[in-house]
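Trainee: Please take me through one part of this model slowly, strand by strand. I'd like to see who sits beside whom.

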Amino acid sequence: MIEYDEQNSRMVLKLVYYGPALSGKTTNLLCLHDRLVQDGRGELMVLDTTDDRTIFFDLLPFFLVAPSGLKIKVKVYTVPGQVKHDATRKAVLQRADGVAFIADSRLRETANNTNSFENLEKNLSYVGLDIDKIPLVIQFNKQDLKETITAQDIEQTWGPTGIPVLCASALQGWGVVETFRELVGHTYDHIDSRFSLAKKHGLAKETFVAQLTRQDLSDARTSP
Amino acid sequence: MPPQDSPENIRYIVGTERRLEDVLRAEDVAPLLREALRTGVHRVIVGDDAGKTLWTSGDGVPATMGEATENCPLRLEGEPVGTVKVFGNSEKRDLLKAVASLLSGTLNILAATNLKRMLTTELHTTVVSQSYEDLLIAHRELKASETRYRELAETLEKKVDERTAELKRAYNRLLQSEKMAAVGQLAAGVAHEINNPVGFVTSNLQTLRKYVSRFTEMLAVSREILNGQPPASETFNRKWRELKLDFVTGDVEELLRQSLEGTERVKRIVADLKGFSHIDESELSPLNINRELERTLKIMARAFPGESEIIKDFHPLPNLIGNGSLLCQAFMNIILNAVQAQPQTLQLTIETRYQDGQVRITFSDNGPGIPTEIRNRIFEPFFTTRDVGQGTGMGLAVTYDIVTSMGGTIDVTCPEAGGAVFSIALPLQEH
């Protein structure tokens with residue numbers, strides 16, 4: 001699914017933040033935009049159109065160049081969570097290279113999480129992707145709130161699947177960069193075998209991940 | 001309604017890669033570059049990442065003239081995709097730098113805005129057109145199914161009508177055959193009950209006839225002996241006259257003959273009834289209808305009045321499976337019906353023909369025809385137009401039963417030219 005243009009030495013990766021409505025997908029991207037250094041990434045684009053139907057998604061692009069000169073663009077998208085925007089979700093999910101599923105940790109949202117995950121499975125197969133093969137991480141967001149699912153329950157449910165699960169609070173700004181790091185790490189593993197990023201392009205996993213997750217630790221952060 | 005879930009159905013991808021010249025238009029860039037010249041710079045060049053000039057202003061000024069600023073980068077989604085370069089007087093280096101940075105900043109914002117607009121439009125269009133196509137597909141499917149249902153409804157009505165008519169026919173047949181069966185059962189019972197008394201009545205009558213002839217003979221002998229021996233003879237003769245024995249001796253023989261004839265007729269009716277009720281026990285064999293008709297006519301030869309004319313219009317026929325004697329009986333009853341309808345100068349045409357998998361036999365006579373009001377009753381058992389005692393009313397009923405038991409049909413029409421036409425159609429069964 002990866003877009004790879006050998007002649008122009010370009011590669012475009014697409015990462016998608018999926019999940020139920022109001023689980024904090026956009027907040028995750030806003031937080032990434034806030035925390036990561038401006039150099040090497042574009043501005044966060046928040047796209048929303050109100051018309052006879054509301055469609056919107058967010059896009060946070062990253063750009064880096066491998067030692068071989070391979071230009072790598074990483075586009076991070078969010079999908080609209082509302083059930084009715086399934087067509088947009090399919091359009092955004094098309095040719096994805098990695099997925100972060102953002103779940104709402106509150107207990108009362110369990111059903112919504114389940115429905116959205118089933119929707120992800122369905123739409124992945126619709127666009128011809130295999131949920132068992134695509135790099136996937138799960139984030140239980142809103143851990144700062146009360147009445148949330150416990151770490152044991154998460155471990156019990158998701159442990160056997162082997163899918164990496166992280167806890168986060170996008171609002172408070174923790175767990176977000178870690179989720180992203182996990183996602184880009186898995187994505188690297190997934191594509192390295194096919195495109196020999198390390199051997200042919202001299203791009204080690206550590207470098208790749210570090211380039212994409214350089215945090216801006218100064219106080220004078222650019223506001224979104 | 002989503003289309004079939006397969007990747008082939010996806011015709012849209014969001015976020016295709018774009019170059020700087022895809023995102024920025026000359027109409028957007030040219031005024032900016034033109035205005036930049038008014039600040040006193042000599043020349044502005046906007047190039048792509050490969051160094052190719054995309055847009056420029058101040059063409060009249062030689063590129064060599066004046067000092068150049070450093071390249072100010074233009075970015076798309078974080079990727080350097082082009083540069084802005086400003087040329088001018090080296091003494092105004094700060095101005096050149098400021099103009100370059102202003103231009104690159106403006107173009108970056110312009111590019112980002114345009115890209116966002118394009119992305120939004122792209123997604124909106126793809127989603128809307130996808131939804132539209134889904135709707136079209138759903139519409140087509142609905143239309144197809146509507147057509148299907150309409151066709152179904154139309155043919156259904158026709159089919160219901162056909163089935164209803166068929167059911168009605170079957171019901172009528174059933175009714176008829178139940179009537180026949182009831183009659184058959186009744187007939188069988190009646191025949192059994194009547195046969196015994198009729199048997200001994202006949203036998204007793206014959207004995208009585210013998211006895212009576214003895215009495216008569218004895219009376220004649222007595223009369224002869226007494227004749228000429230008065231006064232006994234006078235007493236004898238007076239009593240003879242008083243008792244009208246001349247008439248009685250003559251009439252008693254006639255009475256007994258008529259009684260025996262009556263019992264004979266009762267026997268015949270009973271036999272008819274028995275035959276009627278035992279149709280199903282018939283033995284089957286291959287029959288040639290033409291031969292069966294010839295046989296029937298031969299048997300009946302003596303029943304035709306002198307002036308009769310029988311016209312045989314026989315065509316070659318395939319063999320049928322059936323009971324020959326029953327079929328002869330069926331034909332005989334129809335022919336007898338014609339004879340009785342025209343006892344003086346009968347003209348009967350019998351035609352046979354094989355057509356549409358059926359053997360068709362028609363009997364056309366020159367009788368008075370059958371009145372419309374009784375035409376549908378003539379096949380009913382015990383229905384007769386003749387006087388009581390003249391017909392059993394069983395003839396045509398028996399014919400009807402024989403023909404229908406072979407899966408055939410019989411009906412009667414009366415052409416305007418006169419006479420009655422009985423048409424029998426017998427299907428060719430598979431054996």
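Mentor: Some vocabulary to begin with: strands here are DSSP runs of E with at least two residues, numbered from the N terminus, and two of them pair if DSSP finds at least two bridges between them. You're looking at a predicted model, where local features need pLDDT of at least 70 and side-chain atom pairs count only at pLDDT 80 or more, while totals for chains, interfaces and linings use all residues. Residues are numbered from 1 along each chain as its sequence is written, chains are lettered from A and ligands numbered from 1 in the order in which they are written, and side-chain values use heavy atoms, leaving out hydrogens and water.

Now find strand β5 of chain B, residues 79–88. Seven of its ten residues are buried (under 20% relative accessible area, with a 1.4 Å probe and protein chains only), so β5(B) is largely enclosed by the rest of the structure.

Who are its partners? One is strand β1 of chain B, residues 43–48, which pairs with β5(B) in the antiparallel sense over six bridges. To find your way along that pairing, pick out B:V46: its bridge partner in β5(B) is B:V84. Another partner is strand β4 of chain B, residues 72–76, which is joined to β5(B) by five bridges, and these two run antiparallel as well. Here your landmark is B:L74, standing opposite B:G82 of β5(B).

Next, look at the turn. β4(B) and β5(B) form a hairpin with two residues between the strands, and in this hairpin B:E77 takes a positive phi near 55°.

Stay with B:E77 a moment, and follow its side chain over to chain A. The side chains of B:E77 and A:K75 are joined by a polar contact of 3.5 Å; that term is for a pair of N or O atoms within 3.5 Å, where, within protein, one must be able to donate a hydrogen and the other to accept it, and residues adjacent in sequence count only if both atoms are side-chain atoms. Where on chain A does A:K75 sit? Its place is in strand β5 of chain A, residues 71–78, so watch the chain letter when you say "β5". And is A:K75 buried or exposed? Its relative accessibility is 2%, so A:K75 counts as buried.

To retrace the path: begin at β1(B), cross to β5(B), pass to β4(B), stop at B:E77 in the hairpin, and finish at A:K75 through the polar contact.

How values were computed: Buried < 20%, exposed > 50% of the residue type's maximum accessible area, 1.4 Å probe, protein only. Helix = DSSP H or I, 4+ residues; strand = E, 2+ residues; numbered from the N terminus.
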